[in-house]
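Student: Could you take me through one part of this protein chain slowly, and then show me how that part fits into the whole?

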Amino acid sequence: MPPVVPPFLIGLIAAPLAKRLFKPLMRGIVKTSVGLALEVKKVTAEAGENIHDLAAEVAAEMVAAQIAAGDGEDRSAGGREAAASGTPKDAREGVAARADGEARTPKIRPTAGAGKTQ
């Protein structure tokens, strides 16, 4: 009959061997996962900046379109004399026109990233 080795003796021998083998393996796994997490964080930040820049460009285009549409409306609706005199129609009418119930259109100002340089 072969000699019987108690399981705890196998554990006493196997534990230090497992520690020597698994510690570098676990260290490599943790190092790789931390590196991936940092890379994902960097890519996410760049994507956020790109979306922010895109939103600023769209806002600027909308403002330009609104200005172009506003100029066309002023000249077609009787703003010709205002254009000729150099005084805008709203400036001549002043607060009295708004007090009569004329609604004022809100101005859209692109504030996100307007002065941002890279």
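**The nonpolar patch and its surroundings**

Tutor: In this predicted model, the protein chain reads α-α-α along its sequence, with three helices and zero strands. The part to look at closely is a nonpolar patch on the surface, formed by Val5, Phe8, Leu9, Ile10, Leu12, Ile13 and Leu17, which together have about 710 Å² of accessible area. To place this patch along the chain, take one of its residues, Ile10, and you will find that Ile10 lies in helix α1, which covers residues 7-76.

Now set the patch against the protein chain as a whole, where about 10,200 Å² is exposed and carbon and sulfur atoms supply 65% of that area. Of the 118 residues in the protein chain, buried residues make up 6%, where buried means under 20% relative accessible area.

A careful reader also asks how confident the predictor is, and here the protein chain averages a pLDDT of 75, with 58% of the residues scoring at least 70. Over residues 79-83 the pLDDT is below 50, and this stretch has nine contacts in the model beyond near neighbours in sequence. Residues 90-97 also have a pLDDT that stays under 50, and for them the model has six contacts beyond four places in sequence.

Note on methods
Residues are numbered from 1 along each chain as its sequence is written. This is a predicted model: local features need pLDDT of at least 70, side-chain atom pairs count only at pLDDT 80 or more; totals for chains, interfaces and linings use all residues. Side-chain values use heavy atoms; hydrogens and water are left out. Helices (H or I, at least four residues) and strands (E, at least two) are DSSP runs, numbered from the N terminus. Buried means under 20% relative accessible area, exposed over 50%, partly exposed in between (1.4 Å probe, protein chains only). Accessible areas come from the Shrake-Rupley method with a 1.4 Å probe; for residues, only the protein chains shown count as cover. pLDDT is the predictor's confidence in each residue, from 0 to 100. Contact means heavy atoms within 4.5 Å. Patches are made of residues with over 30% relative accessible area and no salt bridge: like charges are joined within 9 Å, nonpolar side chains (Val, Leu, Ile, Met, Phe, Trp, Tyr) within 5 Å. A salt bridge is a side-chain nitrogen of Lys or Arg within 4 Å of a carboxyl oxygen of Asp or Glu.
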